[in-house]
Amino acid sequence: MQPLVTVLTPAYNRAGFIAEAVESVLNQSYGNIEYIVVDDGSSDGTFEILQEYEAAGKLTLLTHENHSNRGQSAALNVGLRAAKGTYVTILDSDDMLHPEKLSKQVDFLEKHPEFAMVYGQAMAIS
């Protein structure tokens, strides 16, 4: 059985980017993913977009009490407390994952238990 990977996205006012970020997680070749998005008090429609994905059962949407804006670190801490994965990866809300990212990284980590973490190269696309 594949280990569970938690993908964690903190999001604040990214309505123009959030759907691409979410879709890049949903389109991973790796199959055992828990996807948690923490909305950090967005006021531009980001939260409503994320609610649609949550209603469709595609992610878990969390937020701070009173839907307040507390910053990226606080949002990450909310997500990390909820994470159940053997592995955790953070995806910023204006970024995308390569479709093979999780498959390749989990494969490497499972074959090399002497490594505690991996990090891949980034590619600027716009």
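How many bridges join β1 to β2, and do these strands run parallel or antiparallel? Seven bridges join the two strands, which run parallel. The model described here is predicted.

## Strand β1 and its partners

Within the pairing of β1 with β2, Thr 9 has Val 37 of β2 as its bridge partner. The connection between these two strands passes through α1, and the resulting β-α-β crossover is right-handed. Strand β1 also pairs with strand β4 (residues 87-90), again in the parallel sense, over four bridges. In that pairing, Thr 89 of β4 stands opposite Val 7.

Strand β1 is mostly covered, with seven of its seven residues buried. Val 5, Val 7, Thr 9 and Ala 11 point to one side of the strand, whereas Thr 6, Leu 8 and Pro 10 point the other way. Residues on both sides are buried.

## Nonpolar cores

The largest nonpolar core has 21 residues, of which Tyr 35, Leu 50 and Leu 59 touch the most other members. At least two residues of this core come from each of β1 (5-11), α1 (18-26), β2, α2 (46-55) and α4 (101-111). Helix α1 gives the most, with four residues. In general, nonpolar side chains tend to be buried together in soluble globular proteins.

Leaving aside neighbours within four places in sequence, Leu 59 is in contact with Val 22, Tyr 35, Val 37, Leu 50, Tyr 53 and Glu 54. A second core of six residues is separate, and includes Leu 8, Ile 36, Val 38 and Leu 76.

## Helix α3

Which residues of helix α3 (residues 72-82) are buried? They are Ala 74, Ala 75, Leu 76, Val 78 and Gly 79. The cover over the buried residues of α3 includes the strands β1, β2, β3 (60-63) and β4. Leu 76 of this buried set is also a member of the second core.

## A buried acidic residue

Glu 34 lies in strand β2 (residues 33-39). Glu 34 is buried yet has no salt bridge. The nearest side chain of opposite charge belongs to Lys 84, 4.2 Å away; a salt bridge requires a distance within 4 Å, so this pair does not qualify.

Apart from neighbours within four places in sequence, the contacts of Glu 34 are Leu 4, Val 5, Thr 6, Val 7, Ala 82, Ala 83, Lys 84 and Gly 85. Among them, Val 5, Thr 6 and Val 7 are buried residues of β1.

Definitions and conventions
Residues numbered from 1 in each chain as written. Predicted model: local features only at pLDDT ≥ 70, side-chain atom pairs only at ≥ 80, totals over all residues. Heavy atoms only, no water. Buried < 20%, exposed > 50% of the residue type's maximum accessible area, 1.4 Å probe, protein only. Lys, Arg positive; Asp, Glu negative; His and termini not counted. Contact = heavy atoms within 4.5 Å. Core = buried A, V, L, I, M, F, W, Y, C linked by side-chain atoms within 4.5 Å. Pairing = 2+ DSSP bridges. Right-handed = clockwise from strand over helix to strand, strands pointing away.
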